[in-house]
Amino acid sequence: VIMDRYQEQPHLLDSHLEWMLNMLLKLIRDEKSPPLLVHLGFKFLYIISKVRGYKTFMQLFPHEVADMQPVLDLLCRQDPKDTETWETRYMLLLWLSMTCLIPFDLSRLDGHLNSEPGLNREPIMDRILAVAKTYLRVSDKSRDAASVLVSKFVTRPDVKQKRLGDFLDWTLTTISQASDLTMEGTVTLDGALQSLAQLFKHGKREDFLQYAPTVLQCLDQKKIAESSLAMLRKLGVKVVQRLGLTFLKPRLAKWRYQRGSRSLAVNLAQSTAAGKVLDAKPELESGSREEDYDIPEEVENVIEQLLGGLKDKETIVRWSAAKGIGRVTGRLPKELADEVVGSVLDCFSFQETDNAWHGGCLALAELGRRGLLLPSRLSDVVPVILKALTYDEKRGACSLGSNVRDAACYVCWAFARAYDPSELKPYVNQIASALVITAIFDRNVTCRKAASAAFQENVGRQGTFPHGIDILTAADYFAVGNLNNCYLTISVYIAGFEEYTKPMIDHLVSRKINHWDGVIRDLATKALHNLTPQAPDYMAKTVVPQLLSMATGMDLHGRHGAILACAEITHALYKVGAEIPVISKAEVLIELLFNHCVWICSLQEAAVSALAALCEEYYQLQPGVADTHIQYLAALRSPEVLTRCGCALALGSLPRFMIHSKLQQVILDSLQEACRMTQKEGFAEARRDAATAMARVCVTAGVCAQGSPDSAVCEKNVTAVYEALLDCMNDYITDSRGDVGAWVRAAAMTGLLDLTLQVAGSAPELLSPAICQRMMCCLAQQAAEKIDRYRAHAGSVFLQLLHSTQPVVPHIPHREELLSIFPPHSAESLNWNAASQAFPHVSQLLRLPVYQYHTLLGLAVSVGGLTETTVRYSSHSLFEHLKGIQQDSAALLQFGDTLLRIFRDNLHNDRVSVPFLKMLDQILANSCFDVSQQENHQDLLFLLSLCKEEIKKSKDIQKLRSCVAVYCGLILFQGDVRKKILVQLMMLLCHPFPVIRKATASQVYEMLLTYDDVIDAAVLDDVMTVLSDTNWESDLTTVRSHRNQLCDWLGVPRPTVQHGSPSLPI
């Protein structure tokens, strides 16, 4: 932990490295130290080398002749497969690498190899090579140290003379035979490539030149660049670039651009003393003939592979390739080097990926830093770098390009150090604006900081950036870390400098208000608001027209950002008192609000609130007189759901003067049509908003009993409005999202409340008893249904109408009884969302004849539902009501008639019929009807016929199961009804669905156990045995024989199919 604190500034350890190393080596060399202590010492050495870097730290190891043998022996005693002691092997390999540098022939250290008879010792040279080859194949970090050992050892004069060729043969053979598809092969390839890279880096050119073509050919055959492993591709690029440097003579190109001293202090001193900078610029046009030498043909292959590496998908590969391009280009003639620069610039084509752009930026930075990018090429390079500074490629829900922008900042940083201010002077304003924009407006914090650092470097090195010092004080490396601060504070300060104002505004308009990230769009519009005082005329005359055209474009993000930007800029122009000529085109804004923004649901409500204000301001010639036609009626029939929604809401928000004289013929007829249910289930949202709009329009228009139907709600149109809203209360359409009709019902309930209170307060005579009765009954039904949220909404509307005193709603049926059930003082404490509180109150409406049908219809859906709490409390409340009327035969008969009417009216309506059958099963199971008075009653026969009709040709398993349960419950009624029920049950025992046959047999078995008077006791055991032992899921032929036997025992006829010819068995 202590050493990690020095990770960023490891040079601070330099004065302490020696004593720490000596202390640990003393412990390691002590023969009395146990192995665990030795390993711990090497572990500490590794930690120090990791922080400081092995290249610096390994130089401190003692490397005398006497150290080689002990280090080698200790290394040979290690187990390469021990995963706990890899730090020991790593440090021993580095130590051995230093001891290999002794300036003596290694044969002298072998001594008398054959002095002892019978003992044949291996030479040290072979032992070290064997150790290196072994550790080049291990999977831990010792492999890296082994490659360092190879580079130090094999390049020794005595070793390279005897073993270099053999070692390279071994390495190439290893590469050819290894496969990167296995872990072992990957490790082997990694070690071999590392050793090659180190050898060609540290070895002399004349020693390795003869082997370079063979190595390159081997790598080409292996196709390392096509490997799926990034590390292998990186090592392949490193080896290729080292081969390229081997092919070329190690000379410094005389044509390169030289700025002079790179020390800022020296430059300033020379500038002060001599009055000019002493740049050592050679004449670039006078090429030296000494450069004219033959370039090996392999160099073209090398450069081609390096250029391919610039487009690799991994950063480490691209970075290595960029450095290789810089190194190799530095040894090429001027003409060939310029071709390389042209090839690098090809990476910036828009057909290329972000990887190619990133690699191209890294390569340009390397070329510029090394003086290989001549000033004549800046006219080609600067434009692509400016594009790279704003590179942002959308990919799905995010974007790519932050690494490209970061690398482009590095290019600008490198150019600041590479070129004289006079060379960059033509491009200063472009580069300065681009860097400032990236530093304050880039979404990625690393890019903002990189741009700030590049800007600072240019200000210090070039000294030509406009207002550079002032900007740096506001947008330094740390200040740009906060995104909100950049957009809302720093941008305002920098925009105060004229050179940056318009570029910043243009960038926000073209790049940021259409950004994929909503946060950036929001900040960009706020930034435009803050920048408007700096250039109000430019905003009003240039920017706002651009935004209006963007707001009608195809890009969703662009429309959103343009609308926000229009609002922010308009607000800012208003505050500064500037003229806003384009806002007079109110039609553009209104069309924008609804014809395009309806696709963004979150904006619809905001658009609705804005429309009324715009209409009041721009469409009223004089108070109460409109000067335009209503353009949203045709869109109510649009095939796009959200277009219908937006236009319906728009109609609902129109001010009164715009709907005057158009209420009935234009608006209400269209909205009533939009409210009607169609076969297209996807228009639920449109019907919801049409119902909402209809109520809003009526409330806005006002009520006048004897008025014109085109100007107000009156006796001629009030019935049609109520019928449309009440029809919406029966919208139960469902889709993949569930009961979407509930949205329409909720909107209708809200609309009924608002409209009824308006009519009751202005012209109560318009509310007929029939309208009030139907409205309250529909609300009672909704208050008894299963969805908590909509039950609560219906209950709230029901009580508000009941308890309203200012005004009083007339003609509410059973008002006094309702007030006793729902007292005004307890209405607020009633939680309609809680089934335990709602259903005990709602079930009391069953006592009131007017409400009984609709309340029982709602309860049927709840009692036969799926939610446990809803089923429990609704069924309990229902049975409590039935228990209370057990002694009242008239009430019980009326309840039965209502049940039958509900079943008849909702036949084949699965939303009601399936839960109704479940409820009926529970009613029968709880013996809620008097059996003695129901024998052969016509109501039972009617109920039986309804059940038969309901399941006829049905494939609904749930419905069939429920009907079987009802049949078994009806068996308790004796007489002709019982015989008919047994026939139906026998038919279901041969139903085509095996699961229904099995369920029917099980239910009949339980029924016979419960009611012992159904069949003769003599055959009871036989019937029970057949029901329980038969496999009712087997084929129909087998099942039918058992079923027919049961029919004979039960005394019912065997079921047959009637075809007009002799009956066929079923």
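Helices here are DSSP runs of at least four residues, numbered from the N terminus. The model in these exercises is a predicted one.

**Exercise 1. Backbone geometry in loops**

Task: Find where Ser661 lies, and decide what sign its phi has.

Solution: Begin with the place of Ser661, which is the loop between helix H32 (656-659) and helix H33 (663-675). Next, take the backbone angle: phi of Ser661 is near 70°, a positive value in a residue other than glycine. For background, most residues other than glycine have a negative phi. Finally, consider the cover around the residue: because buried means under 20% relative accessible area and exposed means over 50%, Ser661, at 45%, counts as partly exposed.

Task: Locate Pro807 and His814, and state what is notable in the backbone at each of them.

Solution: Pro807 is found in the loop between helix H38 (788-803) and helix H39 (815-821), and His814 lies in the loop between H38 and H39 as well. At Pro807, the peptide bond that joins it to Gln806 is cis, with omega about 5°. At His814, phi is near 55°, which is a positive value in a residue other than glycine. His814 is partly exposed, with a relative accessible area of 24%.

**Exercise 2. Salt bridges**

Task: State how many salt bridges the structure holds, and work out which parts of the chain the pair Arg89 and Asp140 ties together.

Solution: The structure holds 38 salt bridges. In one of them, Arg89 pairs with Asp140, and the closest N and O atoms are 2.8 Å apart. Arg89 lies in helix H5 (residues 86-99), while Asp140 lies in the loop between helix H6 (124-135) and helix H7 (142-153), so the pair ties together parts that are 51 residues apart in sequence. To judge their surroundings, apply the cut-off of under 20% for buried residues: Arg89 is buried, with a relative accessible area of 0%, and Asp140 is buried too, with 18%.

Task: For the pair Asp905 and Arg904 and for the pair Asp380 and Arg377, decide whether each residue is buried or partly exposed.

Solution: The side chains of Asp905 and Arg904 meet in a salt bridge at 3.3 Å, N to O. Asp905 has a relative accessible area of 42% and is partly exposed, and Arg904, with 43%, is also partly exposed. Elsewhere, salt bridges that share partners join Asp338, Arg377 and Asp380 into one network. Within that network, Asp380 forms a salt bridge with Arg377, the closest N and O atoms being 3.2 Å apart. Here Asp380 is partly exposed, with a relative accessible area of 36%, whereas Arg377 is buried, with 16%.

**Exercise 3. Helix packing**

Task: Describe how helix H18 and helix H19 are arranged, giving the angle, the distance between axes and the handedness of the crossing.

Solution: Helix H18 covers residues 378-388 and helix H19 covers residues 402-418, and the two pack at an angle of about 140° with their axes 8 Å apart. That angle makes H18 oblique to H19, because only angles over 145 degrees count as roughly antiparallel. As for handedness, H18 passes H19 in a left-handed crossing.

**Exercise 4. A surface patch**

Task: Name the residues of the nonpolar patch that includes Tyr6, and place Tyr6 in the chain.

Solution: The patch on the surface is formed by Ile2, Tyr6 and Leu12, which together have about 280 Å² of accessible area. Tyr6 is found in the segment before helix H1 (14-29). With a relative accessible area of 30%, Tyr6 is partly exposed.

Conventions. Residues numbered from 1 in each chain as written. Predicted model: local features only at pLDDT ≥ 70, side-chain atom pairs only at ≥ 80, totals over all residues. Heavy atoms only, no water. Patch = residues over 30% accessible without salt bridge, like charges linked within 9 Å, V, L, I, M, F, W, Y side chains within 5 Å. Areas by Shrake-Rupley, 256 points an atom, 1.4 Å probe, with all protein chains shown as cover. Salt bridge = Lys/Arg side-chain N within 4 Å of Asp/Glu carboxyl O. Buried < 20%, exposed > 50% of the residue type's maximum accessible area, 1.4 Å probe, protein only. Axes fitted to C-alpha atoms, helices over the stretch in contact; angles between N-to-C directions. Parallel < 35°, antiparallel > 145°, perpendicular 65-115°, else oblique. Left-handed = near helix turned anticlockwise from the far one by under 90°.
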